[in-house]
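User: I've got this chain open and I'd like a close look at one part of it. Could you pick a spot and walk me through how it sits in the whole?

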Amino acid sequence: ANHPFTMKTFQIVTLFALIATSMAFAPNQTPQVTKAAFMKGAAASLPVAALSAPAFAMDSMVDALPSTTLSLQVQFGAYLAVLLGTFLPVLFLINLYIQTETRKAGAEDALNDEF
């Protein structure tokens with residue numbers, strides 16, 4: 001009776017994990033190239049001008065490229081992916097080690113007991 005609820009919870013957690021993973025690789029702000037191209041495309045709404053000129057031609061492409069400070073920024077999703085990708089497996093392995101050692105100690109204790 002509890003199985004559909006558990007499956008739905010798993011699906012929701014998987015969805016959030018997928019969103020967090022995609023956040024790690026998506027920039028927080030729109031690059032300047034896209035903004036300038038959008039503004040130039042919105043300003044040149046004549047179809048004749050769009051056919052005669054290159055699409056979204058820019059005055060200086062070097063000015064519109066992202067700077068080194070923008071390219072070196074790390075998104076929050078990247079931190080989240082690294083932290084969760086590191087700590088969750090480590091915690092699982094620590095838990096597995098403790099459980100294995102506890103079972104081993106319990107088995108040795110059961111063998112040494114005299115009734």
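Analyst: Let's start with the big picture: just 6% of the 115 residues in the chain count as buried. The chain exposes about 10,100 Å², and 71% of that comes from carbon and sulfur atoms. Keep in mind that this is a predicted model. The mean pLDDT of the chain is 74, with 53% of its residues at 70 or more. Where pLDDT is low, the predicted coordinates shouldn't be read in detail.

As for the fold, you're looking at six helices and zero strands. Confidence varies along them: helix 3 (residues 47–52) has the lowest mean pLDDT of the elements, 50, while helix 6 (residues 76–112) has the highest, 91.

Now for the spot I'd zoom in on, Met23. You'll find Met23 in helix 1, which spans residues 3–25. Is Met23 buried, exposed or partly exposed? Met23 has a relative accessible area of 36%, so it counts as partly exposed, since that class lies between the 20% and 50% cut-offs.

What does Met23 touch, leaving out residues up to four places away in sequence? Its contacts are Gln75, Phe76 and Gly77. Ala78 fits into this picture too: Met23 and Ala78 are 55 residues apart in sequence, yet 7.1 Å apart in space, C-alpha to C-alpha.

Moving on from there, have a look at Tyr79, which sits in helix 6. Tyr79 helps make a nonpolar surface patch of about 920 Å². Its partners in that patch are Val74, Leu83, Phe87, Val90, Leu91, Ile94, Tyr97 and Ile98.

Notes:
Residues are numbered from 1 along each chain as its sequence is written. This is a predicted model: local features need pLDDT of at least 70, side-chain atom pairs count only at pLDDT 80 or more; totals for chains, interfaces and linings use all residues. Side-chain values use heavy atoms; hydrogens and water are left out. pLDDT is the predictor's confidence in each residue, from 0 to 100. Helices (H or I, at least four residues) and strands (E, at least two) are DSSP runs, numbered from the N terminus. Buried means under 20% relative accessible area, exposed over 50%, partly exposed in between (1.4 Å probe, protein chains only). Contact means heavy atoms within 4.5 Å. Patches are made of residues with over 30% relative accessible area and no salt bridge: like charges are joined within 9 Å, nonpolar side chains (Val, Leu, Ile, Met, Phe, Trp, Tyr) within 5 Å. Accessible areas come from the Shrake-Rupley method with a 1.4 Å probe; for residues, only the protein chains shown count as cover. A salt bridge is a side-chain nitrogen of Lys or Arg within 4 Å of a carboxyl oxygen of Asp or Glu.
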